[in-house]
Amino acid sequence: METLPKQCNILKIEEKWQKKWEEMGIYHFDWKDKKRPTYAIDTPPPYPSGDFHMGNVLNWTYFDIVARYKRMRGYNVYFPQGWDCHGLPTEVETEEHYGISKTDMLPDKFRKLCEQFVEKYIGVMKTAIKQLGCSIDWTTEYKTMNPDYWRRTQLSFVLLYKKGFIYHGTHPVNWCPRCETAIADAEVEYETREGTLHFIRFPLEHKGYLTVATTRPELLPACVTVAVNPNDDRYKQYIGKDINVPIAKRKVKIIAEDMVDPEFGTGVVMICTYGDKADVKSVAKHGLPVIMCIDEKGRMNQNAGKYAEMTIAEAKKAMAKDLNKEGLLEKMEPLRQEVGVCGRCKTPIEILEREQWFMRTRKLTDDVEKNSWEIAWYPDYMRTRLIDWAKSLDWDWVISRQRVFATPIPIWYCKKCKTTVLAEPDWLPIDPRIQPPKIESCPKCGAGEFVPEIDVFDTWFDSSITCAVHAGWPDRKDWRRLFPADVHPSGIDIIRTWAYYLMVRHLALFNEKPYKSCLINGMVLGSDGRKMSKSLGNYVATPEVFSKYGADAARQWAASGGATGSDIPFRWADVEYGWRFLIKLWNVARFASQHLQDYGPTERVKLELLDRWLLSKLAKVVQKATSALEEYQFNIAAEEIRNFTWHTFCDSYIEAVKHRLYKPETYGETRRKAAQHTLYLAIYRILQLLAPIISHTTEEIYQTLYAEDKKHRSIHVSPWPVPDKKMIDEEAERYGDLIIAVIEEIRRDKAERRKPLNTIIKDVTIYAGTTKSAHILNMAQKDITGTCKIEKMKVLERKGKGREIRDYPNVRFVAEY
Ligand SMILES: [Zn+2]
Ligand SMILES: [Zn+2]
């Protein structure tokens, strides 16, 4: 066995192993291996933003602990990594960087420019994932913007189309006027904003008026009816009567609508196309006309008459002024209200009608619920988040977007008869915007000209087939070996998008759930307890953490920061503790390596009481850590192992056996051998238990101390320790606890007298209190005198006066220096 050097350069060690692991290829999934069970991780392909933040560090540490643990448990682990490339921010950045508009050029030319940004950002994030020491199989890397991935996205669309899950139609959709695209329900966020409630008088046909309270007077041109609750006695008599809409100068009928809340505003509401989702429901229910007055850029259109071309805010102001002039504006009041905003740019969303492509997702709701119950959730209560979300959806998933940098929808229309032409699977990948369909003429009318679909897919349409794609679909015949994925790890914030879309896509395509278990992580909070964000000034950049303390310390923070699924605060103190732990681990391994130079692992030894005490406790830690990792309770595993290592092993055991290791001439060679044996065994187990969390430092120590004996190429492919029931020795633990307590009390006594620990104590008398305790302490005479440097010690059975031993009130001692 080699000895470890005094200095440990953790950052250098990490860099070295990251390179070596890749050269060794130990993280490759072995398709040829049919013996080991497989374990497939559905790694999320992140959006290449160029910023691998502490939230990502938390997620990837979770994935990697699972991968490393399962590998040691004997699984053939599949840990892929892809990139979810398409996205609006890249389009915007490209336009700004080159001072161009995406509509200035052919889509594939614009796409090339976008790809350059994406490649750059992937590079940054890939470096960070490698610096974190993730055991990803990089031979699996894929990018959703590559045509080979389009092929899969487009094929899944073609198959869903043929199965009747896809339709094209005019339906109201959430629309971001800033991003100028439709967005799905999942991308709408709700924020409380300050609005103004306008009380507007709607003149009745003959005499008088009804007052409507609304925050959106600019929608008056789109008002199609006025509604009251049928049970509201104040207004019952007006149902069916005509009323005049101000600004629009239009007559509408007053209708009865149960959804109207008599308590809100005046109890009279205007129904516009569309102010909100309730309007959409009323329009459908009562067969009302649709009059749109806002365009796709968020400006008033021709239906707004003289207000056309104004922005929404300008129109609101102008109309309020005009209403006031006409004596129709009763009053204005401030109102705090929930507003739906674009998840990306926070602009309030509008509800517009436009032809879109949809996937029939709502008819799968029961199926989603049923399958959610068949999936193991960590933590369990996250299941309801998916079920509640699925049930809350009013609309099908709008899968088309009005953008350029995205996967094209493989559809054309006959120029003459408008028939839809769907691509055949063997045409894929294809971009209809630049390639015609591979047919001579329209199958319906025989005309030869086609118009491409210029809309593209929602990015989630790319990334919600990962479970099948990771498994090798559609190219590998044996893709079902890895499907459904064993674990789908996801953030709490994307259950409603990622976990949900994966579920509906795979259910629709394969009639099977995509994953067997779902591992949910919380968000990372700043040290002030608020969500970490650059704008709040509580942001910590990952490179700062890595360059100061390295990956193994950061991984310890991620693993131990809190219960799985809960929000985890970032605290420098936790990372520093992780760093100090690494130094402690290094020093104890170095100490052991110096004392193990003449040790042969095959030697038979007779263990001492404290050796059995330690090994019994270690066997229990193996049990606890194993069951915690089986349940993905990383913080419990990390704390168990680290506490055992630092306190039980380093502070108590090592201190209590030093005299045996240093002075065999006094304490006996067999007792030295027993301590060597215990050290050898314990450190190896500790390294193995820590390896999934502290991947680099454990590898370095393993390679220096154990690789030659153990013959595993890496600690990460060594078999996970089986809890050794034979080692469990309750009696040894009880006895050992007392001995350790006495040693620690005597050392505390020295410290309180301000004497160095190696001060010789002339005489110690222990009053054991019982025959049993006296017997135990007599057995351990040498351990106590050797460790505490006591010249003479006697143990008396009776009770006596003196310093009390912590946790053993009947045992006391008197020391004479
Ligand atoms: Zn937006
Ligand atoms: Zn035709």
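Donors are the N, O and S atoms within 2.8 Å of the metal, and by that criterion the donor residues of the zinc ion (ligand 1) in this predicted model follow the spacing C-x2-C-x162-C-x2-C along the sequence. The pair Cys-176 and Cys-342 links distant parts of the chain, the former lying in strand β5 and the latter in strand β13 (residues 329–342), 166 residues apart. Strand β5 (166–176) is also one of the elements against which the buried residues of helix α6 pack.

**Zinc site**

- The zinc ion (ligand 1) has as its protein donors the SG atoms of Cys-176, Cys-179, Cys-342 and Cys-345, which lie 2.2 to 2.4 Å from it.
- Because the four donor atoms subtend angles of 101 to 118° around the zinc ion (ligand 1), their arrangement is tetrahedral.
- Cys-176 is buried, with a relative accessible area of 0%, and Cys-342 is likewise buried, its relative accessible area being 1%.

**Helix α6**

- In helix α6, which spans residues 277–286, the buried residues are Asp-279, Val-280, Ser-282 and Val-283.
- Viewed down the axis of α6, these buried residues fall within an arc of 165°, and they therefore line one face of the helix.
- The packing partners of the buried residues of α6 are β5 (166–176), β12 (268–272) and β14 (350–359).

**Ends of α6**

- At the N-terminal end, α6 is capped by Asp-276, a side-chain oxygen of which lies 3.1 Å from the backbone nitrogen of Ala-278.
- After α6 comes Gly-287, which has a positive phi, near 60°.

How values were computed:
Residues numbered from 1 in each chain as written. Chains lettered and ligands numbered in written order. Predicted model: local features only at pLDDT ≥ 70, side-chain atom pairs only at ≥ 80, totals over all residues. Heavy atoms only, no water. Buried < 20%, exposed > 50% of the residue type's maximum accessible area, 1.4 Å probe, protein only. Helix = DSSP H or I, 4+ residues; strand = E, 2+ residues; numbered from the N terminus. Arc of directions from axis to C-beta. Contact = heavy atoms within 4.5 Å. Polar contact = N/O pair within 3.5 Å; in protein donor to acceptor, adjacent residues only side chain to side chain. Donors = N, O, S within 2.8 Å, 3.2 Å for Na, K, Ca; no water. Tetrahedral: all angles 85-135°; square planar, octahedral: opposite > 155°, others 65-115°.
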